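Here is a short report on one protein chain. Keep the structure in view as you read.

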Amino acid sequence: QVQVVESGGGLVQPGGSLRLSCVASGSRASIYAMGWYRQAPGKQRELVANIIGGGGGYTNYADSVKGRFTISRDNAKNALYLQMNSLSPEDTAVYYCKAVPYGGSPPAWGQGTQVTVSS
């Protein structure tokens with residue numbers, strides 16, 4: 001069974017930057033896809049960005065974060081990162097990491113990390 005742990009959230013002023021990290025562990029299965037999702041109060045959880053497949057993988061971004069956020073992955077460590085620049089109050093949310101193993105096992109979610117953008 002895969003476990004996922006996120007880190008790196010916090011409070012930042014508008015225009016600032018944060019870097020989120022996530023590590024998937026606990027299974028011998030390789031990780032097929034990893035992604036970042038977020039959920040703001042009163043809203044549904046939404047995809048922020050993900051990487052599908054090994055090697056460089058295929059990356060996908062929500063329109064709202066394109067050009068500001070960069071997702072990257074270290075396959076050897078089953079680690080995922082999200083560099084967030086030019087943050088705005090609209091980015092305030094709990095950010096979750098998701099790992100999808102190969103072989104049809106169910107995806108694993110982290111516990112979430114709070115990102116608050118406020119002056």
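## The disulfide

A disulfide joins C22 to C97, with 2.0 Å from S to S. The structure, which is a predicted model, holds one disulfide. The link of C22 and C97 is left-handed, with -70° about the S-S bond. Where do the two ends sit in the chain? C22 lies in strand β3, and C97 lies in strand β9, which covers residues 93–101. The two cysteines are 75 residues apart, so the pair links distant parts of the chain.

Are the two cysteines buried or exposed? A residue counts as buried when its relative accessible area is under 20%. C22 has 1% relative accessibility, so C22 is buried. C97 has 0%, so C97 is buried too.

## Strand β3 and its sheet

Start with the strand that carries C22. Strand β3 spans residues 18–25 and runs antiparallel to strand β8, residues 79–84. Six bridges join these two strands. Take one residue of the pairing: the bridge partner of L18 in β8 is M84.

β3 and β8 belong to an open sheet of four strands. The order is β1-β3-β8-β7, and the pairing is antiparallel. Which strands stand at the edges? They are β1 (3–7) and β7 (69–74). Each has a single partner strand, so one side of each is left without a neighbour in the sheet. From one strand to the next, the twist averages 15°.

What holds such strands together? Strands of a sheet pair through backbone hydrogen bonds, either parallel or antiparallel.

## Strand β9 and its partners

Now turn to the strand that carries C97. Seven of the nine residues of β9 are buried, so this strand is largely enclosed by the rest of the structure.

Which strands pair with β9? Strand β4 (residues 31–39) is one of them, and it pairs with β9 in the antiparallel sense over eight bridges. In this pairing, Q39 stands opposite V94 in β9. Strand β11 (residues 113–117) also runs antiparallel to β9, and three bridges join the two. Here V94 stands opposite Q114 in β11. V94 therefore has Q39 opposite it in one pairing and Q114 in another.

Strand β10 is a partner as well. It covers residues 108–109, runs antiparallel to β9 and is joined to β9 by two bridges. A99 stands opposite A108 in β10. β9 and β10 form a hairpin, with six residues between them. G103 lies in the turn and has a positive phi of about 90°.

## Two loop residues with positive phi

Some backbone angles deserve a second look. Most residues other than glycine have a negative phi. N78 has a phi near 50°, a positive value in a residue other than glycine. S86 is not a glycine either, and its phi is positive at about 50°.

Where are these residues? N78 is found in the loop between β7 and β8. S86 is in the loop between β8 and β9. Their accessibility can be read against the cut-offs: buried is under 20%, exposed is over 50%, and partly exposed is in between. N78 has 18% relative accessibility, so N78 counts as buried. S86 has 44%, so S86 counts as partly exposed.

## The whole protein

Step back to the full chain. The protein has eleven strands and zero helices. From the N terminus on, every element in the run is a β element.

How far does the C-alpha trace span? Along its principal axes, the trace spans about 45 × 25 × 20 Å. A compact globule with 119 residues would have a radius of gyration near 14 Å. The protein has 14 Å, which agrees with that value.

What share of the 119 residues is buried? The share is 43%. The protein exposes about 6,200 Å², and carbon and sulfur atoms supply 49% of this area. Contacts also reach along the sequence. Among contacts between residues at least 6 apart in sequence, 54% join residues at least 24 apart.

Definitions and conventions: Residues numbered from 1 in each chain as written. Predicted model: local features only at pLDDT ≥ 70, side-chain atom pairs only at ≥ 80, totals over all residues. Heavy atoms only, no water. Pairing = 2+ DSSP bridges. Axes fitted to C-alpha atoms, helices over the stretch in contact; angles between N-to-C directions. Rg over C-alpha atoms; globule rule 2.2 N^0.38 Å. Buried < 20%, exposed > 50% of the residue type's maximum accessible area, 1.4 Å probe, protein only. Contact = heavy atoms within 4.5 Å. Areas by Shrake-Rupley, 256 points an atom, 1.4 Å probe, with all protein chains shown as cover. Disulfide = S-S within 2.5 Å.
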